[in-house]
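Okay, thanks for making time, everyone. I'll walk you through one structure and stick to the ligand site and the part of the chain around it.

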Amino acid sequence: MISRRTLVAGGGAALAAIGAVTAGEYALQQRRDSETPAPPATDANGHLLWRNWSGSQSAYPAARAAPASEDELANLLKSAATPVRAVGAGHSFTALVPTEGTLVSLDQLSGIVSHDDGKLQSTIRAGTRLGALGPALADIGQEMLTLPDINKQALGGALATGTHGTGQTLQAIHGAVQSFRLVTAKGDIVEASRDANTEIFQAARVGLGAFGILTAVTLQNRVLTRIRKRVYALPTHDALDAWPTLKAQHRNAELYILPFTGMTAVIIGDATTDKVVPRGPDSDVDTLLDLKALRDWLAVLPPLRRYIARKAIETTPPTDAVDDGWKLLSNERPVRFNEMEYHLPAEAQPQASLEILQAVEANRPDVFFPFELRSIAPDDAYLSPFYNRASGSIAVHAYYRNDYSFLFEIVEPILRRHGGRPHWGKLNSLVARDFAALYPRWKDAVQVRQTLDPDGKLLNPYLRKVFFDA
Ligand SMILES: Cc1cc2nc3c(=O)[nH]c(=O)nc-3n(C[C@H](O)[C@H](O)[C@H](O)COP(=O)(O)OP(=O)(O)OC[C@H]3O[C@@H](n4cnc5c(N)ncnc54)[C@H](O)[C@@H]3O)c2cc1C
């Protein structure tokens, strides 16, 4: 969004004029960008390293498997070294996947199994990546009801953490699940829906990979639709004032609050039959790098940092694109980050985001990544962060080479005070007793989990904290 020429020229001129950024300060900024060295590629036993997308989680699984059939997976689960952890695309920030036991990839179980044109439903293998699913569904005239910001996730991984997109009337992805097939820790194959094994359906639909491993899922889709996507900038206070209207008027709406700029990017999407206007080259990476450059140069001079950023952003024209939803709703995110996201009662979202903005701007001038605000409709899965409540999410990101302690020290207390439930795949410090207080059906879910996996074969140390505080 920021025109690079404006920014570089503005920043350079300002620096030359005031000479305010000393060599020492510049060096400090560089140190803040230090990256923890990667763990060794193998451990003492020769086991290969596994790492998540951001690099913050790692493990050396003793065994790895990629079963090519449900029966193979069922046999594997009967005898595999524990803990057994399923992995999708490794895009979660929490320690859901790490295991010293067996890591199971569903990559060989992918693709559409069958579809129903009348009901607009499809049965999809759980290892299918969302990015591959978009064009495959388009071939049969369908599309998913909602899509997240990226499409790298495996369907099973996305469901397990309550992955969502944005839209006041749109539930998270698991809201579209009609039925699923699950292989339990004992190697049993269970089919669950609202009519069969209902408790398992409700408890394991958002299951953290702790109830069993999903092999196939039937999703309610809709007819393939074109959308018009518009991106434009507003002063942050105007954007937050407009947010209730934006959410109500557009099928998809989200805000990216840009800290230390006074500005917010507004992204809206609506169904259309207009002719295709393909999305142009993505400017998100340039914008991020420009915001980072401003941070590097002017972290010590917030008013100047804000002035230059605002000038650059407010003179950038809106962008429009028209295309099939699966081509426009998800994005590439090559600049890695760590992230915390909580889902709040919808009415608490604007005030909580203002409090976070003020606290971050007062305490952490090194932050430059945007805060993302989205809306999600309620559903009834027991471990859904959107259980029985219309939600507004707030996601705060930290560049992967920067310290992200502020997420826990500054951001999380605000999100918790406003009644937030954390995204299962994103950083948080909660343990079982906290979840028990936040989820009305927590005990029911724990009981179903215990019945399906009495020996805790699927529990790694992180999940033991989630389910037992231990
Ligand atoms: C750049 C980026 C952008 C993101 N954008 C969004 C967004 O817009 N919206 C959002 O809600 N989230 C978002 N996320 C979070 C992401 O969607 C979730 O963390 C999701 O779980 C990642 O899917 P994955 O396939 O990588 O799963 P993994 O991280 O590999 O695994 C996540 C969980 O799923 C379990 N699992 C995997 N496969 C199965 C299976 N077949 N059966 C049972 N359990 C299984 C694993 O055991 C684990 O518990 C984003 C993450 C990143 C890194």
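**The ligand shell and its surroundings**

Let's start with who lines the site: strand S4 (84–87), helix H5 (155–160) and strand S11 (213–223) each bring at least two residues to the shell around the ligand. Before I go on, keep in mind that this is a predicted model.

So which element gives the largest share of that shell? That's H5, with 4 residues. Around the ligand there are 33 residues, and the ones that come nearest are Gly88, Gly156, Gly157, Gly209 and Gly425. If you sort the shell by class, you get 16 nonpolar, 14 polar and 3 charged residues.

Now let's zoom out to the domains. The domain assignment splits the protein chain into domain 1 (50–105), domain 2 (112–224) and domain 3 (226–422). Where does the shell sit relative to these? Domain 1 and domain 2 both contribute residues to the shell around the ligand, so it lies between the two.

How far apart are those two domains, then? Going by C-alpha atoms, the centres of domain 1 and domain 2 are 20 Å apart. Their contact involves 14 residues on the domain 1 side and 16 residues on the domain 2 side.

Let me stay on domain 1 for a moment. On its side touching domain 2, helix H3 (70–79) and S4 each supply at least two residues. H3 has the largest share there, with 6 residues. By class, that side of domain 1 comes out as 7 nonpolar, 4 polar and 3 charged residues. So S4 turns up twice: it supplies at least two residues to the ligand shell, and at least two to the side of domain 1 that touches domain 2.

That brings me to the sheet S4 belongs to. We have an open sheet of 3 strands here, in the order S3-S5-S4, and the pairing is parallel. Strand S3 (63–65) and S4 are the edge strands with a single partner strand each, so each has one side without a neighbour in the sheet. From one strand to the next, the twist averages 25°.

And who does S4 pair with? Its partner is strand S5 (residues 102–105), in the parallel sense, over 4 bridges. To pick out one residue, arginine 85 has leucine 103 in S5 as its bridge partner.

If you take one picture away, make it this: the ligand shell lies between domain 1 and domain 2, because both give residues to it. Okay, that's me done.

Definitions and conventions:
Residues numbered from 1 in each chain as written. Predicted model: local features only at pLDDT ≥ 70, side-chain atom pairs only at ≥ 80, totals over all residues. Near = placed C-beta within 6 Å. Nonpolar A, V, L, I, M, F, W, Y, C, P; charged D, E, K, R; others polar. Domains from an automatic or database assignment. Contact = placed C-beta atoms within 7 Å. Pairing = 2+ DSSP bridges. Axes fitted to C-alpha atoms, helices over the stretch in contact; angles between N-to-C directions.
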